[in-house]
Amino acid sequence: NMKFGAQYSQGLRKLATEPYNAGLVQVYQNAVPVSVTLTNTPVRYSNSVNADLGFYGQDTWAWRRFSINYGLRWEYFNAQIDEESSGAGRWIGPRYYRGEVLPTWGGAGGFAPRLGVVYDLFGTAKTALKFGLNKYNRQLVDDLTNRYNPIRPQTQSVTWRDLDGDDIADGSLGCVYLSPGCEINLAQLPTSFGLVADGCSVIATSGSIPCGTGQIDPNIKRGYSIQYNVGVQHELFPRISVNAYYFYSKFYDLARTDNILNSFSDYTPVQIASPLDGSVIRMYNVSATARTRLQNLEHTAVNDTRSNKAFEAGFSARLTNGVTLFGGMATEHTLSRN
C-alpha cells in the first residue's frame, strides 16, 4: 500500500498600517495619564515564501497480527523579506529596505521519519494496541519574515505626564521631558526604534549593520519535535468502542531571543514580598540606561528545553438511524525551562 508524493507552496503577502491618530495610544490608570504607546506608522511591507517544499513516501505492511505504517518525509523552506519602502511618521523618518533572504532549511535536518504500529492483541479484531514514533519539523510560513521585517509595525511604551491638563500627549523628538510642550519621556525610546539604516541586514553576520532592534543568527537551526504515542482501542459491543491514549512530545533546537547589548551587570537585586505568603523573593531591576539599549538576537538555545505529556480517553457509539454518539476527556502538561 505504497504512496509517494510532493507538496509545494509559495506566496507573497503585502501588508500596510496607516498612521495612528497622533502616532500614539494614550494609556490611563484610574483615569490618570501614565504612559503612551508610540508607533512607527505608517508602514508598508512585503514578505515572500519562495518555497515550502516536501517530498514523502509511505507504506503499510501487514505481518500476522501487526500492521506497520512507515514513511519518510524531506522538507525544504526558503523565505525572504522583499524590497520595500515606507513614508515618514511622527516618530520616524522615511525608510527603505533592500530585501534579504532569511536562513534556509533543508539538507539532512529536513528528514522527518514516521512510524506507526498496530497490534491485534487477541486476534479477534476487537482489541488493538497502537504505538507511534514521529518527527515533525517546525512549521514557519511567514512567521520569521513577519517578525524581522524592519518595516513591520512596532510599538514602544514610554512615560506620559499631562502637564497642561488638556488630555493630549504633547512632545516631539529631541524635546526635554517635563519642559513646556514635552510631556512624553522620549529618553525611554530605544535609539534604534523603527530605524532602517542604509545597507542594514536582519542576518547577524560579522560586521553587518542591524535593521532596527532584531537580527537572526545565520546558523539558527529549524526546530523540531519527536512525538511518541501509545494507546489501546477496544470494541465493547458491536458498534460501541472505547479508547485511551498517552502522548509524549520532546522539542529540540528551540529558538530563543536575547538582548546582546545587556549584561548581568545591568541588573540589581531587589527584595519583594510574595503575594502568596509574605515570604521574601529576590527580583531584579534593570538600569535606566540599559532600557534604551536594545539589540535582540534570535538563535538556537543551548540549554532551553520543552516537553509535553497528554492523556486522553473516549468512546464512540454508532446507533440506529445513522446516529453517532461520542465523547471523552483529555488532559495535558507542558514543562518549559528557559
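**Exercise 1.** In this predicted model, determine in which sense E2 and strand E3 pair, and over how many bridges.

*Solution.* Strand E3 covers residues 32–39, and its pairing with E2 is antiparallel, with six bridges. At the level of single residues, Gln26 has Val36 in E3 as its bridge partner. The next step is to place this pair in its sheet: E2, E3 and E11 form, in that order, an open sheet of three strands with antiparallel pairing. Strand E2 (24–29) and strand E11 (155–159) each pair on one side only and are the edge strands. From one strand to the next, the twist averages 25 degrees.

**Exercise 2.** Describe the open sheet that contains E12, E18 and E15.

*Solution.* The three strands follow the order E12-E18-E15, and their pairing is mixed. The edges are strand E12 (214–216) and strand E15 (255–259), each of which pairs on one side only. The average twist between one strand and the next is 25 degrees. E12 and strand E18 (residues 296–300) run parallel and are joined by three bridges. Within E18, Glu298 stands opposite Ile216.

**Exercise 3.** Identify the residues of the nonpolar surface patch, and decide whether Tyr228 is buried, partly exposed or exposed.

*Solution.* The patch measures about 600 Å² and consists of Phe131, Leu133, Tyr228, Val230, Tyr246, Phe311 and Met329. Strand E10 (127–137) and strand E13 (224–237) are the elements that contribute two or more residues to the patch. Tyr228 belongs to strand E13. The relative accessibility of Tyr228 is 34%. Buried requires under 20% and exposed requires over 50%; Tyr228 therefore counts as partly exposed.

Methods:
Residues numbered from 1 in each chain as written. Predicted model: local features only at pLDDT ≥ 70, side-chain atom pairs only at ≥ 80, totals over all residues. Heavy atoms only, no water. Patch = residues over 30% accessible without salt bridge, like charges linked within 9 Å, V, L, I, M, F, W, Y side chains within 5 Å. Areas by Shrake-Rupley, 256 points an atom, 1.4 Å probe, with all protein chains shown as cover. Salt bridge = Lys/Arg side-chain N within 4 Å of Asp/Glu carboxyl O. Helix = DSSP H or I, 4+ residues; strand = E, 2+ residues; numbered from the N terminus. Buried < 20%, exposed > 50% of the residue type's maximum accessible area, 1.4 Å probe, protein only. Pairing = 2+ DSSP bridges. Axes fitted to C-alpha atoms, helices over the stretch in contact; angles between N-to-C directions.
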